[in-house]
Amino acid sequence: MKVIKFGGSSLADATHFSDVMQILRMDRQRRVVVVSAPGKRNENDEKVTDLLIDYARAHGKTQQSIGQQIIDRYQEIAAAFNISAAQFKPLADQILALPTTSFRGPAFRMAAFKAHGEKLNAQLLALVLNTQGLSARYVDPHELGLIATQEPNNATILSQTYTHLAVARQELLAEDKLWVVPGFFAYTTGGQLVTFSRGGSDITGAILARGLHATEYENFTDVDSIYAANPNVVANPAPITKMSYVEMRELSYAGFSVFHDEAIIPAIEGQVPICVKNTNHPSAPGTLIVPTNQSQPKRLITGVASSKRFAALYLHRYLLNREVGFTLKLLKILFRYHISYEHMPSGIDDLTIIFDRNQIPTDVLPRLLADIKETLQPDRLQWIDDYAILMVVGEGMRNQVGVIDRILHPLATHHIGVQMINQGASRISIMIGVREAQADDAVRLIYNDFFNQPVSLPLRQPAQEVTHG
């Protein structure tokens with residue numbers, strides 16, 4: 001049994017609904033369908049979720065106009081499949097009822113508005129499937145027992161969900177119908193609707209794949225596969241046919257955007273293989289994401305990615321290594337400002353703290369730097385705003401000698417300075433800090449060196465693991 005998830009671009013209009021039906025007919029193992037809200041139909045269009053946010057914030061005639069615009073999006077799809085006015089009316093009524101519904105507070109109200117993008121799309125898809133000869137029914141997260149924390153717009157799933165899903169699995173296997181489930185939302189123990197973070201339909205799919213013990217979780221999007229580098233940076237990069245969970249997580253950190261970087265964690269915990277496929281080209285093999293012991297790397301590296309969302313704070317102070325509590329004082333300052341750091345490479349007399357730049361508002365930065373300077377009194381303090389991080393990732397690097405030299409050589413040849421380098425204990429990822437303006441060139445150079453020359457990995461015995469007591 002497979003759980004299959006369709007993103008907003010895969011359900012944007014009636015043509016895409018037809019594609020989805022064809023995909024479901026291709027494989028009878030596809031039993032649970034998780035859907036997103038309709039996405040953009042063209043470059044100038046709006047996502048239904050964005051319309052629902054505007055709907056929640058608007059008043060009077062403006063609100064009525066937006067509500068009708070949302071209804072029209074679903075009506076257009078329904079009309080293409082001859083869904084009757086009587087069948088469609090309950091969907092329109094739900095949109096019209098939202099502004100006058102009582103909620104626990106503004107945040108819960110916004111969550112409910114946003115969730116209706118997925119909720120109505122799942123109800124509509126179930127209607128369409130039945131009219132087209134595919135037996136299906138809408139299954140609400142409440143019926144499945146998806147229970148989450150109290151954060152209305154950033155909820156996380158609770159463990160009892162998986163107990164509920166174990167029961168639901170028996171019902172699914174006994175019922176000869178497709179289940180159509182809306183992504184993105186769950187319920188609290190008190191019955192309040194809450195949403196996951198944006199992109200949360202991926203999270204729902206992964207939760208169901210784990211809880212229903214799926215043989216595979218298929219995530220359909222608008223690309224044939226995950227590529228070894230960003231196609232906007234490297235022309236025609238190689239597709240990745242298979243990669244490990246860990247490789248996917250490492251590359252997601254540096255900008256691989258197919259998945260919300262935490263979305264696949266439930267599937268990882270359940271050891272469920274994930275296949276990324278293209279709704280517009282379903283026969284393409286896609287990219288299979290598997291446990292490490294099933295990855296079987298064919299190259300030294302699987303992919304290289306970069307992210308330009310970072311900034312760095314450089315501190316220099318003589319004899320810093322002898323000063324007890326220096327780092328603790330710094331962390332206390334960051335705690336007061338509610339700022340977390342990403343990495344903290346250090347030397348004998350210096351320390352670099354790398355941040356996600358989006359975390360620090362521009363009006364907060366001067367006060368933060370002033371506090372650090374006053375408290376720590378460094379000999380030198382420098383804020384580096386144009387910082388990028390590259391991730392070079394591959395299970396094939398494990399137990400291979402000379403990989404770092406090979407990565408750094410083309411960068412040095414082309415005068416790209418390395419600000420920081422770090423290799424994790426797993427030895428499957430190498431993190432490199434460079435200036436933002438040089439990040440794309442660095443990705444191209446590393447990619448060209450590793451992917452334009454065939455590499456044959458020797459068969460080696462894994463290094464023995466040593467545990468220090």
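User: Before we look at Lys 119, what is a salt bridge here?

Analyst: A salt bridge is a side-chain nitrogen of Lys or Arg within 4 Å of a carboxyl oxygen of Asp or Glu. Keep in mind that this is a predicted model. The cut-off to remember is 4 Å.

User: Thanks! Which side chain of opposite charge is nearest to Lys 119, and how far away is it?

Analyst: Lys 119 is found in helix H5, and it is buried yet has no salt bridge. Lys 119 touches several residues, among them Gln 94, Tyr 138 and Pro 182. The nearest side chain of opposite charge is Asp 140, at 4.5 Å.

User: Which strands does helix H5 lie across, and at what angle does it run to E4?

Analyst: Helix H5 covers residues 106-131. This helix lies across E2, E3 and E4, and its angle to E4 is about 160°.

User: Where do those strands sit, and which strands stand at the edges of the sheet?

Analyst: The sheet is open, with eight strands in the order E3-E4-E2-E1-E7-E11-E12-E10 and mixed pairing. Two strands each have a single partner, so one side of each is left without a neighbour in the sheet. Those edge strands are E3 (136-138) and E10 (242-244).

User: In what sense does E10 pair with E12, and which residue of E12 stands opposite Ser 244?

Analyst: E10 and E12 are joined over three bridges, in the parallel sense. Helix H9 (residues 245-253) lies across both of these strands and E11, running at about 85° to E10. Opposite Ser 244, in E12, stands Val 290.

Definitions and conventions
Residues are numbered from 1 along each chain as its sequence is written. This is a predicted model: local features need pLDDT of at least 70, side-chain atom pairs count only at pLDDT 80 or more; totals for chains, interfaces and linings use all residues. Side-chain values use heavy atoms; hydrogens and water are left out. Two strands pair if DSSP finds at least two bridges between them. Helices (H or I, at least four residues) and strands (E, at least two) are DSSP runs, numbered from the N terminus. Contact means heavy atoms within 4.5 Å. Axes are lines fitted to C-alpha atoms, for helices over the stretch in contact, and angles run from 0 to 180 degrees between N-to-C directions. Buried means under 20% relative accessible area, exposed over 50%, partly exposed in between (1.4 Å probe, protein chains only). Lys and Arg count as positive and Asp and Glu as negative; His and the chain ends are not counted. Lists of a residue's contacts leave out its neighbours within four places in sequence.
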